[in-house]
Amino acid sequence: MKGGWRWAAALVMTGAVWAGCKQQTGHPDESERNNPGLDSPRDDAGTGGGERPDAGTPPPDAGTGGGQRPDAGTPPPDAGTPPPDAGTPPPPPPPPEADIQFTSPPGWRFYGTQHGGPRRVYGISSDEGGNIWVAGGEDGLFLLRPGADSLQRYTMADGLRPYGFMPNGGEPPGEKYLKVISVAGGPAGTVFVGYEGRPGKGSDHCESNWDGPNPDPSRYKSGDADKVTLRPDGTLEVVHYDIFSGPNVVRDELRGREKLCNILRIAYDKNTHSVWFGGNHGFARGDARYTGDNTCNGQLSCSGVMEHVHPHINAVGDNGDTVLLTDAYYGVAVHPSGDVFFGGSNRSTRFRYGSNSHNYWRAQSMSEDRPYAWNRFDLWPDKVGEPNMPRPADRVDDHVSGMAVAGDDTVWVSSFTRGLARMNAEGGDVRYLDVGVPHLSSVAVDPADGSVWTGARWLGSVYRVKDGRVLTYGCSEFGRQLCMSTVADIQVDRTGGRRILVGFKGSDEYRIPGAIGIYSGN
């Protein structure tokens with residue numbers, strides 16, 4: 001392990017006057033195209049279509065808003081050699097990825113494909129019963145029970161539902177797509193599961209398809225989240241969160257609103273019975289006690305969801321037009337007050353839900369509206385702040401990849417491109433810590449000793465900030481195979497004793513499968 005303690009100079013956050021959100025109709029959400037995320041390059045990230053101008057917070061009575069393709073059957077017999085004008089036949093598929101041969105660094109234990117794990121790992125979490133749940137991308141959802149040496153796999157065949165309901169309660173027509181990208185453990189035997197919507201470009205992207213020229217339910221209803229509960233016999237009970245607002249719910253979008261589809265991070269708060277969803281474009285709340293209603297059609301009284309909020313800003317686009325900046329809320333961290341910190345590509349906020357007696361609408365106003373610019377945190381500051389609109393050359397996008405609340409009431413923030421920062425619970429006294437690389441993909445705080453854990457976006461290195469030092473677990477500890485894998489997620493198991501859970505995504509470039517690591521050392 002390598003050590004070194006490097007603080008950058010402090011930056012005190014200051015507020016400014018909010019300029020409002022008046023994106024021009026027909027212009028895209030720029031930041032969606034620029035967020036790096038865990039999968040790069042994001043060749044399916046175009047949003048198209050744009051968004052209506054933000055009309056401010058609506059009154060409470062108005063609302064706010066990988067599975068496999070079906071088997072095509074037995075292929076026809078070989079038709080022989082194609083004629084010369086048919087083009088070159090495609091190359092054979094690459095060889096399968098070999099299992100990682102794990103090393104045994106002190107305090108660590110690893111599980112990979114040889115233990116029944118997925119080829120790609122996007123998230124890892126534990127429920128209150130000590131079960132470890134793994135977001136396995138297109139391979140599905142995986143479970144490691146206490147004391148087990150192998151993982152169980154669950155897919156759509158087991159009840160996972162990576163798509164919402166039509167108004168009559170039925171399934172949307174068309175292709176179904178499963179990709180599990182986030183997990184958050186809940187009560188014993190329960191996990192909240194986030195999905196990626198069906199891939200597509202422009203108006204085919206799940207964020208834009210509802211408002212595009214050819215709405216396709218297999219796209220705009222794809223993604224969202226499930227509450228998954230393990231039955232005694234090992235089967236699943238699944239309740240779907242259809243994260244949208246139905247007809248006549250949002251004042252300025254009476255037809256309905258379908259924007260959030262990729263659920264990037266999830267946090268569960270048992271004290272407020274909340275499930276917080278960080279997604280593309282914004283974030284939302286789910287009721288953790290929700291039992292489902294297939295025919296609700298996005299009405300507030302029965303959907304189990306309140307959506308959506310974003311600490312957006314207006315900016316000047318490449319063509320001199322006005323664009324809305326909001327995207328990729330990978331940062332989700334619950335504060336003991338019942339408030340929640342959300343961090344995105346451009347701005348972060350303290351969503352003051354507990355502070356306002358669980359009044360979602362009031363909390364929304366304090367993240368979005370003009371007088372509350374002080375509650376929109378620009379952690380790596382643009383050259384200009386509100387009420388000015390940054391031009392492309394003025395922007396320093398934050399690209400937040402994770403957030404964690406520490407016991408001393410500070411908040412740690414990791415960035416896909418900027419490194420590691422710490423702020424106080426009001427978004428001020430921002431300081432930066434150099435762990436050796438700027439590309440970080442997750443952050444967690446161990447309540448047992450206050451140590452901070454973060455992981456590298458490109459290499460499978462894990463950094464632990466403890467006792468004034470940065471300790472590095474890299475190739476010398478993990479071995480070359482594992483250290484060439486992206487660290488996708490780090491979470492803390494709070495069920496007793498120290499267990500730091502690390503999801504190693506794997507690598508397409510180096511043909512390395514995903515893995516999970518569990519640290520229980522000192």
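## Disulfides

A disulfide is a pair of cysteine sulfur atoms within 2.5 Å. In this predicted model, cysteine 475 and cysteine 483 fit that rule, because their sulfur atoms are 1.9 Å apart. The link between cysteine 475 and cysteine 483 is right-handed, with 70° about the S-S bond. Its two ends have different surroundings: cysteine 475 is partly exposed, with a relative accessible area of 44%, whereas cysteine 483 is buried at 0%.

How many disulfides are there by this rule? The count is three. Another one joins cysteine 206 to cysteine 261, with sulfur atoms 2.1 Å apart. This pair links distant parts of the chain, 55 residues apart. Cysteine 206 sits in the loop between β7 and α2, and cysteine 261 in the loop between β9 and β10. Cysteine 206 is buried at 2% relative accessibility, and cysteine 261 is buried at 1%. Cysteine 296 and cysteine 302 are also joined, S to S 2.1 Å, and their link is right-handed with 90° about the S-S bond. If you count the bonded cysteines along the chain, the pattern is 1-2, 3-4, 5-6.

## Nonpolar cores

Now let us look inside. In soluble globular proteins, nonpolar side chains tend to be buried together. Here the largest nonpolar core has 23 residues. Leu141, Leu160, Val180, Val191, Val193 and Val228 have the most contacts inside this core. Strands β3, β4, β6, β7 and β8 each supply at least two of the core's residues. Apart from this core lies another, of 20 residues, including Ile100, Val462, Leu482 and Cys483. You have met Cys483 already, as the disulfide partner of cysteine 475.

Which residues does valine 228 touch, not counting those up to four places away in sequence? Among them are Leu141, Leu160, Val191 and Val193, which are also on the list of residues with the most contacts inside the largest core. Valine 228 touches Gly189, Thr190 and Glu237 too.

## A look at isoleucine 518

Isoleucine 518 lies in strand β30, residues 515–519. Is isoleucine 518 buried or exposed? At 8% relative accessibility, isoleucine 518 counts as buried, because buried means under 20% relative accessible area.

The C-alpha atoms of isoleucine 518 and isoleucine 500 are separated by 5.6 Å, although the two residues are 18 residues apart along the chain. Leaving aside neighbours within four places in sequence, isoleucine 518 is in contact with residues including Arg499, Ile500 and Leu501, as well as Gly107, Trp108 and Ile132.

## Salt bridges

Side chains of opposite charge can pair when their charged atoms come close. The structure holds 31 salt bridges. One of them joins glutamate 196 and lysine 179, at 3.7 Å from N to O. This pair links distant parts of the chain, 17 residues apart: glutamate 196 is in the loop between β7 and α2, and lysine 179 is in the loop between β5 and β6. Glutamate 196 is buried, with a relative accessible area of 13%, and lysine 179 is buried at 10%.

Arginine 198 and aspartate 216 meet in another salt bridge, 3.9 Å from N to O. Both lie in the loop between β7 and α2, so the pair ties together parts that are 18 residues apart in sequence. Arginine 198 is buried at 14%, while aspartate 216 is partly exposed at 24%. Glutamate 253 and arginine 257 form a salt bridge as well, their closest N and O atoms being 3.3 Å apart. Finally, salt bridges that share partners join Glu175, Arg198, Asp204, Asp216 and Arg219 into one network.

Note on methods:
Residues are numbered from 1 along each chain as its sequence is written. This is a predicted model: local features need pLDDT of at least 70, side-chain atom pairs count only at pLDDT 80 or more; totals for chains, interfaces and linings use all residues. Side-chain values use heavy atoms; hydrogens and water are left out. A nonpolar core is a set of buried Ala, Val, Leu, Ile, Met, Phe, Trp, Tyr and Cys residues joined through side-chain atoms within 4.5 Å. Buried means under 20% relative accessible area, exposed over 50%, partly exposed in between (1.4 Å probe, protein chains only). Helices (H or I, at least four residues) and strands (E, at least two) are DSSP runs, numbered from the N terminus. Contact means heavy atoms within 4.5 Å. A salt bridge is a side-chain nitrogen of Lys or Arg within 4 Å of a carboxyl oxygen of Asp or Glu.
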